[in-house]
Amino acid sequence: RVRIPLPVSNILWEHCIRLANRTLVEGYANVKKCSNEGRALMQLDFQQFLMKLEKLTDIRPIPDKEFVETYIKAYYLTENDMEGWIKEHREYSTKQLTNLVNVCLGSHINKKARQKLLAAIDDIDRPKR
C-alpha cells in the first residue's frame, strides 16, 4: 500500500467529481424525450449522488455542482427566459443547448419558438467576423 498525501488525494477527487458531473450533463443532453417528472427524477438522482459524494470526500464546494443543477433547471424555463439563458450560459456545448431546446419542444415550447432558440444557438456558435 502506498499512502497518497491529502493534497494529492483532494486533487484526484476534484478531477473525478468534475469529470462525473460533466458526464452527467452530457448524458442528460443525450435524452431524446423527457417529461417534467423525468427532470424532477434527474434532480433527485443528482441530489442522491451529491449526498454519497459528501460522505466519500471532504471537498467543498463540490466542483461543477452548479453546472449540473443549472442545466437540469433550464428545462423549466419559459421561451423568453430560455433565449436569455442560452446567451448567458456559454459553458455548455452547442449540442447540449440544442438538445435542451429540442427536448422542451412540445412540452412548453412550440415549433416557432424552437426555431428562434436554435437560431440564437447558431448565432452564438458562429465565429465573429
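Here are some exercises with worked solutions on the chain shown above, which is a predicted model.

**Exercise 1. Get the overall layout**

Work out how many helices and strands the chain has, and what box its C-alpha atoms fill.

*Solution.*
- Step 1: Count the elements. You should get six helices and zero strands, so read from the N terminus the order is simply α-α-α-α-α-α.
- Step 2: Turn to the principal axes. Along these, the C-alpha atoms fill a box of roughly 60 × 40 × 20 Å.
- Step 3: Check the contacts. Of those with a separation of 6 or more, 67% are between residues 24 or more positions apart.

**Exercise 2. Look at burial, surface and charge**

Find what share of the residues is buried, what share of the accessible surface belongs to carbon and sulfur atoms, and how many charged side chains of each sign there are.

*Solution.*
- Step 1: The chain has 129 residues, and 33% of them are buried.
- Step 2: The accessible surface is about 8600 Å², with 56% of that belonging to carbon and sulfur atoms.
- Step 3: Tally the charges: 22 side chains are positive and 17 are negative. The centres of the two sets lie 4 Å apart.
- Step 4: For a nonpolar spot on the surface, go to Ile4, Val8 and Leu12, which make a patch of about 260 Å². Ile4 sits in the segment before helix H1 (6-29).

**Exercise 3. Walk through the loop between H2 and H3**

Describe the backbone at Arg60, Pro61 and Asp64, then place Pro63 against the rest of the chain.

*Solution.*
- Step 1: Start with the peptide bond between Arg60 and Pro61. That bond is cis, with omega about -10°, and Pro61 belongs to the loop between H2 and H3.
- Step 2: Move on to Asp64, in the loop between helix H2 (36-56) and helix H3 (65-74). Its phi is near 65°, a positive value in a residue other than glycine.
- Step 3: Put both in context. Most residues other than glycine have a negative phi, and most peptide bonds are trans.
- Step 4: Now take Pro63, which is in the loop between H2 and H3 as well. Its relative accessible area is 8%, so Pro63 is buried.
- Step 5: Look for what lies beside Pro63. The C-alpha atoms of Pro63 and Ile17 are separated by 6.5 Å, although the two residues are 46 apart along the chain. Leaving aside neighbours within four places in sequence, Pro63 is in contact with Glu14, Ile17, Arg18 and Asn21.

**Exercise 4. Follow the charge on Asp64**

Say whether Asp64 is buried or exposed, and find which side chain meets it in a salt bridge at 2.8 Å.

*Solution.*
- Step 1: Asp64 has a relative accessibility of 13%, so Asp64 counts as buried; the cut-off for buried is under 20%.
- Step 2: List its contacts. Setting aside neighbours within four places in sequence, these are Arg18, Asn21 and Arg22.
- Step 3: Keep in mind that side chains of opposite charge can pair when their charged atoms come close.
- Step 4: The partner is Arg22, whose side chain meets that of Asp64 in a salt bridge of 2.8 Å, N to O. This pair links distant parts of the chain, with Asp64 in the loop between H2 and H3 and Arg22 in helix H1, 42 residues apart.
- Step 5: Compare the two ends: Asp64 is buried, while Arg22 is partly exposed at 36% relative accessibility.

**Exercise 5. Sort out the salt bridges of Glu83**

Of the six salt bridges in the count, take those that Glu83 forms with Lys87 and Lys116. Where do Lys87 and Lys116 lie?

*Solution.*
- Step 1: Lys87 and Glu83 meet at 3.5 Å, N to O. Both are in helix H4 (residues 79-88), four residues apart, which is about one turn of the helix.
- Step 2: Check exposure. Lys87 is partly exposed at 45%, whereas Glu83 is buried at 18% relative accessible area.
- Step 3: Lys116 also forms a salt bridge with Glu83, with the closest N and O atoms 3.4 Å apart. Here the pair links distant parts of the chain: Lys116 is in helix H6 (residues 111-125) and Glu83 is in helix H4, 33 residues apart.
- Step 4: Lys116 has 39% relative accessibility and so counts as partly exposed.
- Step 5: Finish with the network elsewhere: salt bridges that share partners join Glu14, Arg18, Arg22 and Asp64.

Terms used:
Residues are numbered from 1 along each chain as its sequence is written. This is a predicted model: local features need pLDDT of at least 70, side-chain atom pairs count only at pLDDT 80 or more; totals for chains, interfaces and linings use all residues. Side-chain values use heavy atoms; hydrogens and water are left out. Helices (H or I, at least four residues) and strands (E, at least two) are DSSP runs, numbered from the N terminus. Buried means under 20% relative accessible area, exposed over 50%, partly exposed in between (1.4 Å probe, protein chains only). Contact means heavy atoms within 4.5 Å. Accessible areas come from the Shrake-Rupley method with a 1.4 Å probe; for residues, only the protein chains shown count as cover. Lys and Arg count as positive and Asp and Glu as negative; His and the chain ends are not counted. The place of a charge is taken as NZ of Lys, CZ of Arg, CG of Asp or CD of Glu. Patches are made of residues with over 30% relative accessible area and no salt bridge: like charges are joined within 9 Å, nonpolar side chains (Val, Leu, Ile, Met, Phe, Trp, Tyr) within 5 Å. A salt bridge is a side-chain nitrogen of Lys or Arg within 4 Å of a carboxyl oxygen of Asp or Glu.
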